[in-house]
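Take a look at the sequence and the model below. The report after them walks through the fold, some single residues and the enclosed space.

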Amino acid sequence: MVVSGRQTGRPTLEEVAARAGVGRGTVSRVINGSPRVSEHAKAAVDRAVAELGYVPNRAARALAGSRTDAVALVIPETEARLFAEPYFLDIIRGVSAELADADKQLLLTLIRSDKERQRFEQYLAAQRVDGVLLVSVHADDPLPDQVRALGLPAVLNGRRTEAEPVAYVDSDNVGAGRSAVAHLADGGRRRIATITGPLDMYVARCRLDGYHRGLAEAGLAPDESLVATGDFTEDGGRRAMHELLERSPDLDAVFAASDVMAAGARAVLRASGRRVPQDVALVGVDDSAVARHMDPPLTSVRQPIEEMGRTMARLLLQEIAGASEERHHRVLPTELVVRGSS
């Protein structure tokens, strides 16, 4: 290769492609580990790389392909909520591990105001990252569509609606509610209440749907006085539990749509003189450290949170590498973990 009349001696991507008898894009896909390459082409590229002594230059690759080797993980929550909820930390752990294996940089972004949202949209428009992962997205959030409109790959944690057009990784939230209620009903509970998440989130509506299906399958009639809306926070769980006890003091079980809300409910039950599980059985969702450290330990529906983070990052990396044109939709299974609270 010659630059300004000087021989650099450094082989180029084009020279590797010519030696291998393939296109430049095929060489790029092989170097980036894309599965969308035939074994024959991969072998030819590997042979050409070895013969020419080609070494990928990350900076040159980034400039040539408008790549930054950075991925944004967007959480539209405050720092207080981020660090108070094990769910977010487990997602971050899974995403970080997968990106580290791929030698990609993680940019963690919290969006707490309209001003911060506008600033982040400008950041994306400047093509500062190769793709975006979004967590805790509400039904009316336009950000996933804005990301796609900019031509950036995006993967959601959860989804906004059943017909979510953007790629996502979710867990079986309907199944979570069904299994929790089935467990409580099998234990003889008949006045089973629920504390939902915010109902502008599809995950919360799915868990409420699972709760209602579980009641129907157990032959129990629905009762709206046994449903209180929370917000996935401990304070929200406290407020909802107070509301339930005022409306239905004879309740004998509670399905809280998160472990953190269950912890808030547990504090209110204790203050009201209700024993767990003797008087009121309690079940949460997430199977987080919160569940294991409660007194008594909390029965909880486990969702593979860290694996969800890894899967999100893996799908995004495939999109960035051009390995897939389709929008991936993955739903991972949940599992009831029975402990002393029920």
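## Loops, sheets and a cavity

Aspartate 103 lies in the loop between α6 and β4. This model is predicted. The phi angle of aspartate 103 is positive, about 60°, although the residue is not a glycine. Aspartate 103 is partly exposed, with a relative accessible area of 48%.

A second aspartate shares that backbone feature. Aspartate 286 has a positive phi of about 125°, and it is not a glycine either. Aspartate 286 sits in strand β11. Its relative accessibility is 10%, so it counts as buried.

**The chain as a whole**

The protein chain holds 14 helices and 14 strands. Its C-alpha atoms fill a box of roughly 85 × 45 × 35 Å along the principal axes. Of its 342 residues, 50% count as buried. Among contacts with a separation of 6 or more, 70% join residues 24 or more positions apart.

**The parallel sheet**

Six strands form an open sheet in the order β4-β3-β5-β6-β7-β13, and the pairing is parallel. Strands β4 and β13 (329-332) stand at the edges. Each has a single partner strand, so one side of each is left without a neighbour in the sheet. Neighbouring strands are turned by 15° against each other on average, direction ignored.

Strand β3 (residues 70-75) pairs with β4 in the parallel sense over six bridges. Alanine 72 has leucine 107 in β4 as its bridge partner. Helix α6 (residues 86-101) packs on this sheet. It touches β3, β4, β5 (131-135) and β6 (154-157). The direction of α6 makes about 170° with that of β3.

**Arginine 112, just past β4**

Where does arginine 112 lie? It is in the loop between β4 (105-110) and α7 (114-125). Arginine 112 is partly exposed, at 39% relative accessible area. Leaving out residues up to four places away in sequence, it touches Glu77, Thr78 and Glu79. The C-alpha atoms of arginine 112 and threonine 78 are separated by 5.9 Å, although the two residues are 34 apart along the chain. The side chain of arginine 112 also makes a polar contact with the side chain of glutamate 79, at 2.5 Å.

**The mixed sheet**

Another open sheet has six strands, in the order β9-β8-β10-β11-β12-β14. Its pairing is mixed. At the edges stand β9 (227-229) and β14 (335-337). Each of them has a single partner strand, so one side of each lacks a neighbour in the sheet. Neighbouring strands here are turned by 20° on average, direction ignored.

Strand β12 (residues 299-302) and β14 run antiparallel, joined by three bridges. Valine 301 has leucine 336 in β14 as its bridge partner. Helix α11 (residues 234-247) packs on the sheet and touches β8 (192-196), β9 and β10 (253-256). The direction of α11 makes about 150° with that of β9.

**Aspartate 287 and its contacts**

Is aspartate 287 buried or exposed? At 8% relative accessibility, it counts as buried. The residue is found in the loop between β11 (281-286) and α13 (289-293). Its contacts, not counting residues up to four places away in sequence, are Asp259, Arg292, Ser300, Val301, Arg302, Val337 and Arg339. Val301 is the β12 residue whose bridge partner is leucine 336.

**Two cis peptide bonds**

Two cis bonds lead into prolines, as the table shows.

| Peptide bond | Omega | Loop that holds the proline |
|---|---|---|
| Valine 276 to proline 277 | near 10° | between α12 (259-271) and β11 |
| Aspartate 295 to proline 296 | near -5° | between α13 and β12 |

**The enclosed space**

How many cavities of 30 Å³ or more does the structure hold? It holds one. About 320 Å³ of space lies in the largest cavity. Of the 24 residues that line it, the closest to its centre are Tyr87, Met201, Val203, Arg207 and Phe232.

Three elements each supply at least two lining residues: α6, β7 (167-171) and α10 (202-217). Helix α6 gives the most, with three residues. This is the helix that packs on the parallel sheet.

How values were computed. Residues are numbered from 1 along each chain as its sequence is written. This is a predicted model: local features need pLDDT of at least 70, side-chain atom pairs count only at pLDDT 80 or more; totals for chains, interfaces and linings use all residues. Side-chain values use heavy atoms; hydrogens and water are left out. Two strands pair if DSSP finds at least two bridges between them. Helices (H or I, at least four residues) and strands (E, at least two) are DSSP runs, numbered from the N terminus. Axes are lines fitted to C-alpha atoms, for helices over the stretch in contact, and angles run from 0 to 180 degrees between N-to-C directions. Contact means heavy atoms within 4.5 Å. Buried means under 20% relative accessible area, exposed over 50%, partly exposed in between (1.4 Å probe, protein chains only). A polar contact is a pair of N or O atoms within 3.5 Å; within protein, one must be able to donate a hydrogen and the other to accept it, and residues adjacent in sequence count only if both atoms are side-chain atoms. On a 1 Å grid over the protein atoms alone, a cavity is a set of points where a 1.4 Å probe fits but cannot get out, and a pocket is an open set with protein on both sides within 12 Å along at least five of seven lines; lining residues have an atom within 4 Å of a point. Grid points are joined across faces, edges and corners, and a volume is the space filled by probe spheres set on the points.
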